[in-house]
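Biologist: Could you take me through one part of this model up close? I'd like the helix that feeds the main core, and where it sits in the rest of the chain.

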Amino acid sequence: MHALRRRLLAAAALILTLSACGGMARRQYEYEEQLYLYADGSAAVVVNSSIAALIALHHLPLDPNPRARIDRGAIRTLVSEPGLEISRVSRPWRRHGRQFIQIRAETDDVRKLSATKLFGWSKYAVEENEETREYRQQVAGVPGAAPAGVTWDGSELVAFKLHLPSRILFQNLRRLEDGAPGKTERGNILTWEQRLTDRIQAKPIDIQVTMESGSILYRTLWVFGLSFAAAIGLLAFVVWRIVRRGRQRNAA
């Protein structure tokens, strides 16, 4: 199952990278965290960010020059630590004159992310009973500043996106534009947005979700398995009937 998760995450990340590079019709973010929460409490996180945003938000000692050479090995070293497996640091791409990269990380317990350098600006909590699972993430952090020579126009956005394993019963999502309740996207995805200017000032975000206990993936696999078994059974019955009728004709 762990290998399956890696393949699914790699496919999703590839689609995100291609859409970011190719300018497909999707909302663009200066910094984006996509957290894939699994039923056993483990998680994978995909970060798509400009180098400038990594400097401003996480205080990483990187070069904000848009023509600077990106040392992916050095970035991996900066964000690697016990309890957090960095599975990939992508090649850079450019947008609006700035360099962007993707970082993919995994942990066996989502709550451990609070102790890491890259995701330590959030506090994570998961509580589960027989019927529901409660997920909460409180994003704060330390105020930063735009790197020297980087000019943002104030329209840049930051996103925290959740990919959840079960049917969502409650969420406190609000649209950035008008404060109206947000909606669940296809595939049990929720996105909290914030202005980059607010994130640099470390204005907090409180993420709350209640979902069903269990996993949509496991339920889907069970349904698929039962359907496949039923189809094989029906096919075997049809073959048996044909063979039986043939024998009856030969006997007659």
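Modeller: Of the 252 residues in the chain, 44% are buried, meaning under 20% relative accessible area with a 1.4 Å probe, protein chains only (over 50% is exposed, in between is partly exposed). Bear in mind that this is a predicted model, where local features need pLDDT of at least 70 and side-chain atom pairs count only at pLDDT 80 or more, while totals for chains, interfaces and linings use all residues. Residues are numbered from 1 along each chain as its sequence is written, and side-chain values use heavy atoms, with hydrogens and water left out.

The chain has five helices and 11 strands; these are DSSP runs numbered from the N terminus, helices being H or I with at least four residues and strands E with at least two. Now for the core: the largest nonpolar one has 48 residues, and L35, F119, Y135, I207 and V209 have the most contacts inside it. A nonpolar core here is a set of buried Ala, Val, Leu, Ile, Met, Phe, Trp, Tyr and Cys residues joined through side-chain atoms within 4.5 Å. Helix α2, residues 51-58, gives the most to this core, with seven residues.

So how is α2 itself placed? Eight of its eight residues are buried: I51, A52, A53, L54, I55, A56, L57 and H58. They pack against β1 (31-37), β2 (43-50), α3 (72-79), β5 (98-107), β8 (157-163) and α4 (196-200), where contact means heavy atoms within 4.5 Å. Right after α2 comes H59, with a positive phi near 60 degrees.
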